[in-house]
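Trainee: I should like to request a close look at a single part of this model, namely its sheet. Please take the strands in turn and relate them to their surroundings.

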Amino acid sequence: MQKATLSDLLQGDVCIHVMAANSVDVENLLAWEILLHFYPAIKRLTVILIGPEVQPLRPDKDVCSTCVFNEQICNYEFYPMQYHTYVKSSSYVQPTAIIGFQVEFGAFREIWADSIKALSRQSCPILLTAKSNEEAMKNIIQMENVLGTIVKPDIYLENDFKSFKPFFDINANFVCYRNTILTVFKNSLALNTGDAS
Ligand SMILES: [Zn+2]
């Protein structure tokens, strides 16, 4: 978040959309509380997990005593649907930032097309991670194809906070790590399109 210079946004009411969420994101839900510890100015953090595979989970513990003392609250919401369906739903809440862990826009292109268009209409920072350079580049190319223009991230780097637990990717036939590459659009995807050179 600091590298992405998004720290100024992390105060008061904060709403994070986790798009393309899956069971891994649900299992790691409680890790979001760390944001409250790093950013005491956040008073209410709402993490909204959106993705067809999302299974609602009721966390079995509330925030820690430090967060309670600081009057910080953390809520989770679950929407088992595609991102563009959520955006059009009555449940939609404008996000402070959107995060997509391990997104693979290159797969199921037709399905992702509508979600990429929905993403481009959001006025907030977007952070995407991918397991490899190849997958991150595929994501950018797919965004360019869908939006019909050049897409230039503000930040594209190897993520300091990538997973150190290797997994064997059957499709790519090599060992990789979750969230290896971080791609950031600081203000909105729409501002990063077109030939700005
Ligand atoms: Zn806490």
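In which sense do β1 and β2 pair, and over how many bridges?

Mentor: The model is a predicted one, and what follows should be read accordingly. β1 and β2 pair in the parallel sense, and 7 bridges join them. One pair within this ladder is Asp13, whose bridge partner in β2 is Arg44. At Gly12, which is found in strand β1, the C-alpha atom lies 4.6 Å from that of Ile42, although 30 residues separate Gly12 and Ile42 in sequence. Gly12 is exposed because it has 10 other C-beta atoms within 10 Å, and a residue with 12 or fewer counts as exposed.

These two strands belong to a wider arrangement. The chain has 6 helices and 9 strands, and an open sheet of 7 strands has the order β3-β2-β1-β4-β5-β9-β6, with mixed pairing. The edges are held by β3 (73-79) and β6 (155-158); each has a single partner strand, so one side of each is left without a neighbour in the sheet. Neighbouring strands of this sheet are turned against each other by 15° on average, direction ignored.

Consider the β3 edge. β2 and β3 pair in the parallel sense over 7 bridges, and in this pairing Ile50 stands opposite Tyr79 in β3. Beyond β2, the loop between β2 (42-50) and α3 (65-69) holds Cys64. Cys64 is partly exposed, because 15 other C-beta atoms lie within 10 Å. The C-alpha atoms of Cys64 and Glu33 are 8.6 Å apart in space, with their positions 31 residues apart in sequence. The loop between α3 and β3 contains Glu71, a residue other than glycine with a positive phi, near 55°. Glu71 is exposed, because 9 other C-beta atoms lie within 10 Å. As background, most residues other than glycine have a negative phi.

On the other side of β1 comes β4. Strand β1 (residues 12-19) pairs with β4 in the parallel sense over 4 bridges, and His17 has Ile98 as its bridge partner in β4. Strand β4 (residues 97-100) is covered on both faces: Ala97 and Ile99 are buried on one side, and Ile98 and Gly100 are buried on the other. In a regular strand the side chains alternate between the two faces of the sheet. β4 also runs parallel to strand β5 (residues 126-130), to which 3 bridges join it; in this pairing, Gly100 has Leu128 of β5 as its bridge partner.

The loop between β4 and α5 includes Gln102, which is not a glycine yet has a positive phi of about 55°. Gln102 is partly exposed, because 17 other C-beta atoms lie within 10 Å. The axis of helix α5 (residues 109-120) comes within 9 Å of that of helix α6 (residues 133-147), and the two axes cross at roughly 80°. α5 and α6 are therefore roughly perpendicular to each other. On the α5 side, the contact is made by Arg109, Trp112, Ala113, Ile116, Lys117 and Ser120, and on the α6 side by Gln142, Met143, Val146 and Leu147.

At the β6 edge the pairing sense is antiparallel: β6 and strand β9 (residues 181-185) are joined over 4 bridges. Here Ile155 has Val184 in β9 as its bridge partner.

The strands can also be considered through the nonpolar core. In soluble globular proteins, nonpolar side chains tend to be buried together. The largest nonpolar core has 41 residues, of which Val18 and Ile50 touch the most other members. The element that gives the most to this core is β2, with 6 residues. The core draws at least three residues from each of domain 1 (13-97) and domain 2 (102-189). Leaving aside neighbours within four places in sequence, Val18 is in contact with Asp25, Val47, Ile48, Leu49, Ile50, Ile99 and Phe101.

For the chain as a whole, 31% of the 197 residues are buried. Among contacts between residues at least 6 apart in sequence, 81% join residues at least 24 apart.

Terms used: Residues numbered from 1 in each chain as written. Predicted model: local features only at pLDDT ≥ 70, side-chain atom pairs only at ≥ 80, totals over all residues. Helix = DSSP H or I, 4+ residues; strand = E, 2+ residues; numbered from the N terminus. Buried ≥ 20, exposed ≤ 12 C-beta atoms within 10 Å, placed from the backbone. Contact = placed C-beta atoms within 7 Å. Core = buried A, V, L, I, M, F, W, Y, C linked by C-beta atoms within 7 Å. Domains from an automatic or database assignment. Pairing = 2+ DSSP bridges. Axes fitted to C-alpha atoms, helices over the stretch in contact; angles between N-to-C directions. Parallel < 35°, antiparallel > 145°, perpendicular 65-115°, else oblique.
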